[in-house]
Amino acid sequence: MALRSLSGAALALLVAGAPALAHAAEAPAEAPLPCLEPGTDPRLPGPLPAAAALFPGVIVHGAGHYAAGHDDTALTLLWLEGAGIASVLVNGSVLGLTGASRYFVAPAALGVIGGVGLFAITLLADIYGVTAPPCGFGRPPATIPYLEVEAGYRGIYDQQFAYRHLAVLSTTVRSGRWRVAPSGAYALNDANTRLRLETGLRVLGPLPHEPTRRGSFFEIDTAATHHDFDTEGFETTTLELTTGGRLDLDAIGPTLRGAFSEASAGVAMARTRYDGGIPSDTDLLLLARFAFGLYLGPGRGEATLFYDHRHDGYAAGSIIPGLGSGVPGHFGVNGFYYVTEAWGLGAEGMVGAATIGGISARFRQR
Amino acid sequence: MSGVARTLRTALCCAGITGATACYGPPEDRALRDLEVGRASASELEIEVEDGLAAVHDLTEEGATLWANAPVLTIRFRAGEPLPGFRLRIDNAMPGARFEAPAGVPITPIFTETPTRAETLIDLPRGDTRVRLAEPDAESPAPWRFALLSDVQEAIGRVQDLFIAISQEPVRFTLGAGDLTERGTVSQLRLFQRKLEFLEVPYYATLGNHELGASPPPFHDLFGRGSSHFAYRGVAFSLLDSASATLDPLVYGWLDGWMAESRDRLHVVAMHIPPVDPIGLRNGSFASRNEAMKLLGRMARGGVDLTLYGHVHTYMSFQNAGIEAHISGGGGAIPERFDGVGRHFLVVDVDPERGVTGRRVVDLGD
């Protein structure tokens, strides 16, 4: 039921770009997509489109593209914004009318999150499309890595816990359609460790060793996480199933080349074991995430702004006052850039119950 | 919170990236306000309610009006000069409670028709005077009964039928686990206090997220501390301010002390937002699962026997970290549909020797 709702709302962008996404799976190895060459760009010069993207674009998404003469893209963004608002209203009404009934809350919450995601992504896409260079800031890698390793540091402030410094290490290995990604975070000043193993099945999208010109993909993922709060005397083991993907936004319009959106949703089951013979607890978590991102350089990197509905992990949910207390997840930005073919840097910042920031060294093999 | 983290959080908030607490005032501010509850001064007269268990509504050299948030109060006066005929009025007091003053300090009880109002004239001498308000059987170890009523919100106009129903039960007092009103404004909170005239026993409350509509929340001025602790007839009660889906570290410190001093007693903890919503996909709970589990483990190890929550507009009975738990949000706010529970309150039987001996939901229907 939850997945059905997601496909109806949160992944509307993916749905809108489904032909492009399907094409991505079979795209022959070709040169990068052509840019809008000088003289062929119908965009109006000057600051008007960018100003229109901010106002009235903050309300009427696509206003920037309309001012720039890209009527089709403008209309698509406006429709998607409308779909997002409709999803928020419909699913918000379901939540309100049912009093967040246990029988409806998961699909309705996903509908709200998906609607907010559509609203945010179309707003950012409109601004991006009228301010980015004709080719964007980059493009997807010509082949995706079969091996990626990341090692870094995260500074963290969570007023409820003593840890302030984390060492993080992760590896991603891809073979055919499968992805395996073990990772770990180790507190340097506290007894706290988080170990995670992700596995993914790429249903659509580029695979290792296969040249591509697109970054769009669709995956089904599972993960097992063990988070040990030794200082506080408990540990949580979480199993999760998610599905989601990425859509290169040039599927919507040529001005959006170099930008992408992501959406995913799923469910997790967590079991918490306490020290001292205290009975364990088991509960469920709703998982949902949406993001807007940019490719950087010729397959060199990415930058992503995202919302993640997770209430566990180091960032957890946002602490806000008032009616929405406890409901929102966390927000963040992350990115990486390969300075050479194999070596690069990554950075990440998140704000939820905790504030997190840090950098990583990255290595890849393609 | 460290300066850097607070600055980062504020910056992100102001940039609209997240609705972090920095925008509105964090739970820490409310915890600090707790420390000021029960203290006031007027000219050469100072008043201090021990443990902040009453809010001082009015203080002049002619008299004082307090709102009790616990069954037994100890009030310390410090007068710069003798104040004969000082009129002391305590609202929300236990029916039958009597004033006790040191030998040689004349007190003259005043009859009131409101069962939860205690009033007296005291000839306050110069210097310090301690006045106690308690029922004659406040230390009795005999079994007794209390009620729990939370989440009235917009149903404040018809809450009197619940108050009348509670008054028909042989309960000593009613606990309120937050969301007394819709927005927590002065006028709404005063209206709730006027409605309490229909309730023949006092109502001791903490605040909920719906009390955070005004900044700073007037709850502390009108009802008292958000986090407080008292013992009555062999049972310890800790009311915690979880209105922002978290507990401030100050409150954790207080809770540790309260658990230590209540180790040999039946200990009841009540708060508005539960650490964990039994319907995990809804997450009507703490923003951070990590913090939720930390709190639950701490309460279990600290000997807490019973946890009572509001926030979710239904009734659910469960266990968290092996502690008996009840969510009772049946005060009339938009109900959870299809749960088979209407407007209700919970009646709890306690025996200082045997623990919690009974729980009963009184359902008034829709």
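Trainee: In chain A, among contacts with a separation of 6 or more, what share comes from residues 24 or more positions apart?
Mentor: We are reading a predicted model, and a contact here means heavy atoms within 4.5 Å. Among the contacts in chain A with a separation of 6 or more, the share that comes from residues 24 or more positions apart is 58%.

Trainee: How many helices and strands does chain A have, and what part of its residues is buried?
Mentor: Chain A has seven helices and 13 strands. A residue counts as buried when its relative accessible area is under 20%, and of the 366 residues in chain A the buried part is 55%.

Trainee: Which residues join in the cis peptide bond of chain A, and where does the proline lie?
Mentor: Most peptide bonds are trans. In chain A, however, the bond from Phe55(A) to Pro56(A) is cis, with omega near 10 degrees. As for its place, Pro56(A) is found in the loop between α4 (48–54) and α5 (63–67) of chain A.

Trainee: What is omega for the peptide bond that joins Ser215(B) and Pro216(B), and in which loop is Pro216(B)?
Mentor: The bond between Ser215(B) and Pro216(B) is cis, and its omega is about 0 degrees. Pro216(B) itself belongs to chain B, in the loop between β13 (203–206) and α5 (219–222).

Trainee: What is the phi of Ala100(A), and where does this residue lie?
Mentor: Most residues other than glycine have a negative phi. Ala100(A) is not a glycine, yet its phi is positive, near 55 degrees. Its position in chain A is the loop between α6 (71–97) and α7 (105–131).

Trainee: Is Gln153(B) buried or exposed?
Mentor: Gln153(B) lies in the loop between β11 (144–148) and α3 (160–167) of chain B, and although it is not a glycine it has a positive phi of about 50 degrees. Because its relative accessible area is 4%, and the cut-off is under 20%, Gln153(B) counts as buried.

Trainee: Are helices α2 and α6 of chain B parallel or oblique to each other?
Mentor: The axes of α2 (residues 27–34) and α6 (residues 249–261) of chain B come within 8 Å and cross at roughly 45 degrees. Angles under 35 degrees would count as roughly parallel and 65 to 115 as roughly perpendicular, so α2(B) is to α6(B) oblique.

Trainee: Which residues make the contact between α2(B) and α6(B), and of what class are they?
Mentor: From α2(B) come Ala31(B), Leu32(B) and Asp34(B), while α6(B) contributes Leu250(B), Val251(B) and Trp254(B). Sorted by class, the contact has no polar residues, one charged residue and five nonpolar.

Trainee: Why do the buried residues of α2(B) line one face of the helix?
Mentor: The buried residues in α2(B) are Pro27(B), Arg30(B), Ala31(B) and Asp34(B). In an α-helix there are 3.6 residues a turn, so residues three or four places apart point the same way. Seen down the axis of α2(B), the buried residues line one face because they fall within an arc of 100 degrees.

Trainee: What covers the buried residues of α2(B)?
Mentor: The buried residues to be covered are Pro27(B), Arg30(B), Ala31(B) and Asp34(B). Among the elements that cover them are, in chain B, α5 and α6.

Trainee: Where do Asp283(A) and Arg289(B) lie, and how far apart are their closest N and O atoms?
Mentor: Asp283(A) is in strand β9 (residues 281–298) of chain A and Arg289(B) in helix α7 (residues 289–301) of chain B, so this salt bridge joins two chains. Asp283(A) is buried, with a relative accessible area of 6%, and Arg289(B) is also buried, at 5%. The distance between their closest N and O atoms is 2.2 Å.

Trainee: How many residues apart in sequence are the parts that Glu50(B) and Arg130(B) tie together?
Mentor: The side chains of Glu50(B) and Arg130(B) meet in a salt bridge of 3.5 Å, N to O. Glu50(B) is partly exposed at 26% relative accessibility, and Arg130(B) is partly exposed at 44%. Since Glu50(B) lies in the loop between β2 (45–49) and β3 (54–59) and Arg130(B) in strand β10 (residues 127–134), the separation of the parts in sequence is 80 residues.

Technical notes:
Residues numbered from 1 in each chain as written. Chains lettered and ligands numbered in written order. Predicted model: local features only at pLDDT ≥ 70, side-chain atom pairs only at ≥ 80, totals over all residues. Heavy atoms only, no water. Helix = DSSP H or I, 4+ residues; strand = E, 2+ residues; numbered from the N terminus. Buried < 20%, exposed > 50% of the residue type's maximum accessible area, 1.4 Å probe, protein only. Axes fitted to C-alpha atoms, helices over the stretch in contact; angles between N-to-C directions. Parallel < 35°, antiparallel > 145°, perpendicular 65-115°, else oblique. Nonpolar A, V, L, I, M, F, W, Y, C, P; charged D, E, K, R; others polar. Arc of directions from axis to C-beta. Salt bridge = Lys/Arg side-chain N within 4 Å of Asp/Glu carboxyl O.
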